[in-house]
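Subject: Structure for you to look at

Hi,

Here is the structure I promised to pass on, and my notes follow right below it. Have a look when you get a moment.

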Amino acid sequence: MMTAKSSNRRTLAHMPYVTNITEKGTWFSFPYKCAFPSTIIIFLLRAQTTCKMPVYCGTTYDSTNKIWSGPKEKDFYNYEMTLGEAIVEQLQLNPDKVVQIMDSTGEQVKAKDLLTNSKNIVRHFVAMGLKRGDVVGLYASNTTHLSAVILAAWLTGLCTHAAYEGCDKDELKIIFYLSKPKIIFCDLENSYKAQAANEELNLKAKIYLMHSSIDARLPSVTELLDVKEHLPDMALFPCFPLNGGDTAVILCSSGTTGPPKGVLCSHQVLLNCHGFQTFTANSIGFTFSSTYWWSGLCVLKETLLKGGLRIITNQSFSPEYFLHLIERYKITHVIANPSQLAELCLKPNNFANIAQRMSSIDTILCCGSKVLPVIGTKMLQLLKSENQYKRFLVSYGLSEIGAILARNYSGQLDTEGLLAPNLQVRIVDESENLLGPNEHGEIQCRSPYKWLGYLNNPIATQKCLIDNWFRTGDIGYFDEEGCLHICSRLGDVFKSNNIQIYPEKVENILMKLRGVQECCVFGQPDVIKTNLVACAVVKTKDSEGENLNEAKIYRFVEDALPPVYHLKGGIYFLEQLPRTGSGKLLRRKVIEMFQKRL
């Protein structure tokens, strides 16, 4: 078994130019501005009894080449290491520790049980003839044995490709047509769709249920947990010939701009790029997301790599159930999307009580779509901190880099924060000219790890790359302090009277109006102005929502913004906005519903 490289994490003693350190708390923070005017570095360091690892991020700006860079950090795992090997080593350190609890059933999984189950599934995978590079399809919610299936796939040299457990048969066919899995694991509730897709695509994949059922006609994953017949024992796992550059996971792109693409993520990226910087063996992680999303995958691999505890459920989100889970299991680390947090914090009956029930939280990481300032303000009030490190973090990441690009540790509401380690960003205009601070353009990023591209889609892969820089399709800028600001998606921006309109600017204003639960701003084509600003609004389910009308909304925007932003393209009311499973707004769907044709 390969061994991990020693970490090069910096300690307080190794950090230069530390100022204003006090002994009263466990927090240390130090802004350091280099003597060179082109360089700004801001580091945040957290030292606590349960976590000696520093929390730091930063931005340096090269004014000559107009490139912003995150702090340099050595990889903890060497290039030869794979996810399966690293997780096995961690599980062997504390075999009797409970590493997973399924809230819906109360089932607990110890490290040694997960390891045994995974090894047995590996033996079955080998007996089935599955080989390095084959795909395991996942069409299941978070269930007890899903983690063993995923670990077994990595140990066999296979890669996983998950579909959203709530998608229909046609969507499932689009996803599995990309990867053509050799074996599919699904829930009983959606097994008929998995069988139909398997037959219509002629995949000839074996299908297993994640739960055993007397009514089911398909085999269950539990049949793979025992080895009844003799199979060759393995001195080494089949994954041993692999290295960090091999594909571990196929993620689906968000699908906000069209059919999802298969994003190839390597072992190296998932091993060395962390979602939580404060997660330890004493931490307890949770997300409602399944492994279809980066957030679900992140919580799974972070807890297994760090030896922590993961809480899972197959129940849907509700504010009360979310608080129940936090309170019951003393959850410390959560990944949530803005829609979930909006439900939690915008209409609380007892704000102080909610804050008390969330007292165990170390970090809530919010990602998936733009976080509106009104949500950020409420969450920072709920998760108050007595020191500079904020318990509520806004983050910005991409499936294509398999990691978070920027985190906001400062609590400033109008920014996605400073860059994560080892990543670089540049801002370019429509002609690919490099831009400087406070200049708006497309965000392009570069990682030290090779991006493996989109599965079987070299044209889309090449279209996203320019000189090894990845084109994110997002519009944004850096301020003088090195903080990244996301303004809009490239395709969401439209012109009105020859002025660029960023929908989020109007949406941030609308969300301050009582009675507005959510909204979507878009351009309504106009012969003279090119576009007029229009919006779709979802009302709150209370008296304020009942009293909300077009006139109130129009006047509110008129009082807050210049005339070019006024809603002259129309105001439309909806029961709900179309969103992806992860909560991302499907703006193109709203446009299809209401945009008029000239």
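Lys193 touches Tyr139, Cys167, Asp168, Lys169 and Leu172, leaving aside residues up to four places away in sequence. Please bear in mind throughout that this is a predicted model. Lys193 belongs to helix α5, which spans residues 191–200. What caught my eye is that Lys193 is buried yet has no salt bridge. A salt bridge would need a carboxyl oxygen within 4 Å of the lysine nitrogen, and the nearest side chain of opposite charge, Asp168, is 7.3 Å away. What does the side chain of Lys193 have by way of a polar neighbour? The backbone oxygen of Cys167 lies 3.3 Å from a polar atom of that side chain.

The other residue I looked at in detail is His161, in strand β8 (residues 159–162). Is it buried or exposed? With a relative accessible area of 0%, His161 counts as buried, because the cut-off for that class is under 20%. Not counting residues up to four places away in sequence, His161 touches Val135, Val136, Gly137, Leu138, Ile175, Phe176, Leu178, Ser179, Ile250 and Cys252. One of these, Cys252, is 91 residues from His161 along the chain, with 8.0 Å between the two C-alpha atoms.

On to the charged pairs. Side chains of opposite charge can pair when their charged atoms come close. A search of the whole structure turns up 18 salt bridges, and here are some that I went through:

- Asp246 and Arg132 meet through their side chains at 3.2 Å, N to O. This pair links distant parts of the chain, 114 residues apart: Asp246 sits in the loop between β10 (206–209) and β11 (247–252), and Arg132 in the loop between α2 (111–127) and β7 (135–139). Asp246 is buried at 17% relative accessibility, whereas Arg132 is partly exposed at 48%.

- Glu442 and Arg471 form a salt bridge at 3.4 Å, N to O. Here the link runs between strand β21 (residues 441–446), which holds Glu442, and strand β23 (residues 469–478), which holds Arg471, with 29 residues separating the two. Glu442 is buried, at a relative accessible area of 7%, while Arg471 is partly exposed at 29%.

- Glu544 pairs with Arg514, their closest N and O atoms being 3.6 Å apart. Glu544 is in helix α14 (residues 543–546) and Arg514 in the loop between α13 (503–510) and β27 (516–526), so this salt bridge ties together parts that are 30 residues apart in sequence. Glu544 is partly exposed at 27% relative accessibility, and Arg514 is exposed at 62%.

There is also a network of salt bridges that links Asp492, Glu504, Glu507 and Arg587.

Finally, some numbers for the protein as a whole. It has 16 helices and 29 strands. Of its 598 residues, 57% are buried. How many of the contacts between residues at least 6 apart in sequence join residues at least 24 apart? That share is 66%. The protein exposes about 26,500 Å², with carbon and sulfur atoms supplying 50% of that area.

If you open just two places in the viewer, I would pick Lys193, buried and without a salt bridge, and His161, at 0% relative accessible area.

Best wishes

Definitions and conventions
Residues numbered from 1 in each chain as written. Predicted model: local features only at pLDDT ≥ 70, side-chain atom pairs only at ≥ 80, totals over all residues. Heavy atoms only, no water. Helix = DSSP H or I, 4+ residues; strand = E, 2+ residues; numbered from the N terminus. Buried < 20%, exposed > 50% of the residue type's maximum accessible area, 1.4 Å probe, protein only. Contact = heavy atoms within 4.5 Å. Lys, Arg positive; Asp, Glu negative; His and termini not counted. Polar contact = N/O pair within 3.5 Å; in protein donor to acceptor, adjacent residues only side chain to side chain. Areas by Shrake-Rupley, 256 points an atom, 1.4 Å probe, with all protein chains shown as cover.
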